[in-house]
Amino acid sequence: MATLAEKFGLRKASGVGEAGWGHTLIVALVSLIYFLPVLMIIFTAFKPSAQALSVLPAPLQK
Amino acid sequence: MTTTAQFLPAPPLLSPVAHNWKLALLAGLVVSAIAIALFPAKLSLGIVGAMAALIAAAFTVNAYRRRYYGGLLVAPAIAVLFVMNIFPLLWSLGLSFFAYQSNNQSIRFVGLNNYIKVLTNDIAAPANWDALINTGMFVVFTVALQMITGFLLAMLFAKQFPLRKYLLILVLTPMMLSVVASGVFFSYYYDPTFGILSYVMGEITGNQFILMDNKVGAVAGIVLTDAWMWAPFVMLLVLAGLVSVPKYLYEAAAIDRVSKPRQFWTITFPYIRGLLMLALLFRTIEAFKLYDLVYILIRGGQDTKTIAYLITEIANEQNKTSEGAALSYVILFMVIVLTNLYLYLANRRNQGA
């Protein structure tokens, strides 16, 4: 019987060297966090200087 | 007509024929040494250049006579390598034995004085040793963080899963950015007025947060930026080792019910050990040359000047060109010793394995 971790893909769900959806989600999250500064660089490039250098940082502005 | 290399007897050393490269080399070295010692810098540079051309011409004629066409074909590449890499290296080595300032054309032979000065002078040496300690600290922290982060990222990407190649591109992007772009944007993130880090930390703690306010924070900021940029490089190397491990080894281990940690140490680690060592070597050499992030993020403030930063200051801002060259060679010597130590340890482990 599959454990809870296996159901969510956190454990090896298929063959050797293949990961399940849980592992994919974790990697996706880590990758996005790692990519975040680059994303901010890209977004900042589209903002006017006043907004890019605002006291309330640009990503937190409404 | 045959195109294979021919064996021809070498001419006597002092025979003045066009293909006698040994005589050309000897004459070139002697004349260059005399020119450097006796003539002004510009004239001696011209003479050294002419001697290099003479030696190259003798090599070319010799290769043509012997029908060594392979050598002739690679000669342009070797010439470019010599002009762009080897000559500047030798020139700066020569410069380190002279008293020379870039804003003053006079040049005087001083032997090892520059080396003694940068290592023992009452004013220069303490700053150099401080910078060296800072460099060592950056080497340890940045390389350690890069190795750990890169290794963990590689472990995440070792298995096959959906969207793997797209997520891999996201993680590899920081490595592709220019150091200046990353440095400038991280200086914005760390900025006490409009930086997101200061804002978030201020909201959490209720106090104003300035990361670069002290040495620990400044070092942490530089180390984090450098590690963020170069951990993907370590990941790439380790990943190459991880994907090369044959799957049947894991299948056999699974049948034998070998635990995961034991699988890692007995199957995975031997495959990636060499690549880890390579990553360690590359990143250590690069960390020794850390200059750009220290300049962009904090301009060497909070006592974070590295040895590369100090060399730039000495050679470019203070115009002490030959002292800067001497310090550069002291560092080069240290890097060579460290590199050989790494290689010795790696080879010893491989022989033991």
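Colleague: Let's start with chain A. What share of the 62 residues of chain A count as buried?

Modeller: In this predicted model, 11% of the 62 residues of chain A count as buried. The word is earned by having 20 or more other C-beta atoms within 10 Å.

Colleague: And what is chain A built from?

Modeller: Chain A has three helices and zero strands, and its elements run α-α-α from the N terminus on.

Colleague: Let's try the burial rule on one residue. Why is Gly22(A) called partly exposed?

Modeller: Gly22(A) sits in helix α2 of chain A, residues 21-45. It has 17 other C-beta atoms within 10 Å. Buried needs 20 or more and exposed needs 12 or fewer, so with 17 Gly22(A) falls in between and is partly exposed.

Colleague: How far is Gly22(A) from Leu32(A) in space?

Modeller: Their C-alpha atoms are 15 Å apart, and the two residues are ten apart in sequence.

Colleague: Glu18(A) is in a loop, isn't it? Where is that loop, and what makes Glu18(A) partly exposed?

Modeller: The loop lies between α1 (4-7) and α2 of chain A. Glu18(A) has 13 other C-beta atoms within 10 Å. The exposed class ends at 12, so a count of 13 makes Glu18(A) partly exposed. Its C-alpha atom is separated by 32 Å from that of Met40(A), which is 22 residues away along the chain.

Colleague: Which residues does Glu18(A) touch, leaving aside its neighbours within four places in sequence?

Modeller: Those are Lys159(B) and Gln160(B). How do you know a pair is in contact? Their C-beta atoms have to lie within 7 Å.

Colleague: How many residues take part when chain A meets chain B?

Modeller: On the chain A side 22 residues are in contact with 25 residues of chain B. By class, the chain A side has 16 nonpolar, five polar and one charged residues.

Colleague: Now for chain B. What makes it more spread out than a compact globule?

Modeller: Chain B holds 14 helices and two strands. Its radius of gyration is 27 Å, whereas the globule rule gives 20 Å for 353 residues, so chain B is more spread out than a compact globule. Its C-alpha atoms fill a box of roughly 80 × 60 × 35 Å along the principal axes. As for burial, 28% of its 353 residues count as buried.

Colleague: Why is α2(B) called roughly antiparallel to α3(B)?

Modeller: Helix α2 (residues 41-65) and helix α3 (residues 69-95) of chain B pack at an angle of about 165°, with their axes 10 Å apart. The label applies to angles over 145 degrees, so α2(B) is roughly antiparallel to α3(B). In passing α3(B), α2(B) makes a right-handed crossing.

Colleague: Which residues make that contact, and what class are they?

Modeller: From α2(B) come Ala56(B), Thr60(B), Ala63(B) and Tyr64(B), and from α3(B) come Gly71(B), Leu72(B), Ala75(B) and Ala79(B). They divide into six nonpolar, two polar and no charged. Glycine counts as polar in this scheme, so Gly71(B) joins Thr60(B) in the polar group.

Colleague: Lys42(B) is in helix α2 of chain B too. What makes it exposed?

Modeller: Lys42(B) has 9 C-beta neighbours inside 10 Å. Exposed means 12 or fewer, so Lys42(B) qualifies. Lys42(B) and Gln105(B) are 63 residues apart in sequence, yet their C-alpha atoms are 8.9 Å apart.

Colleague: Which residues meet where α5(B) and α13(B) pack?

Modeller: Ala127(B), Asn128(B), Ala131(B), Leu132(B) and Thr135(B) in α5(B) meet Ile307(B), Tyr309(B) and Leu310(B) in α13(B). That makes six nonpolar, two polar and no charged residues. The axes of these two helices are 8 Å apart, at an angle of about 145°.

Colleague: One last pair, Leu163(B) and Gln302(B). Why is Leu163(B) exposed, and why is Gln302(B) partly exposed?

Modeller: Leu163(B) has 12 other C-beta atoms within 10 Å, and 12 or fewer means exposed. Gln302(B) has 17 such neighbours, so it counts as partly exposed. Leu163(B), in the loop between α5 and α6 of chain B, has a positive phi of about 65° without being a glycine. Gln302(B), in the loop between α12 and α13 of chain B, has a positive phi near 55° and is not a glycine either.

How values were computed:
Residues are numbered from 1 along each chain as its sequence is written. Chains are lettered from A and ligands numbered from 1 in the order in which they are written. This is a predicted model: local features need pLDDT of at least 70, side-chain atom pairs count only at pLDDT 80 or more; totals for chains, interfaces and linings use all residues. Two residues are in contact if their C-beta atoms, placed from the backbone, lie within 7 Å. Axes are lines fitted to C-alpha atoms, for helices over the stretch in contact, and angles run from 0 to 180 degrees between N-to-C directions. Helices (H or I, at least four residues) and strands (E, at least two) are DSSP runs, numbered from the N terminus. Angles under 35 degrees count as roughly parallel, over 145 as roughly antiparallel, 65 to 115 as roughly perpendicular and the rest as oblique. A crossing is left-handed if the near helix is turned anticlockwise from the far one by less than a right angle, and right-handed if clockwise. The radius of gyration is taken over C-alpha atoms; the globule rule is 2.2 Å times the number of residues to the power 0.38.
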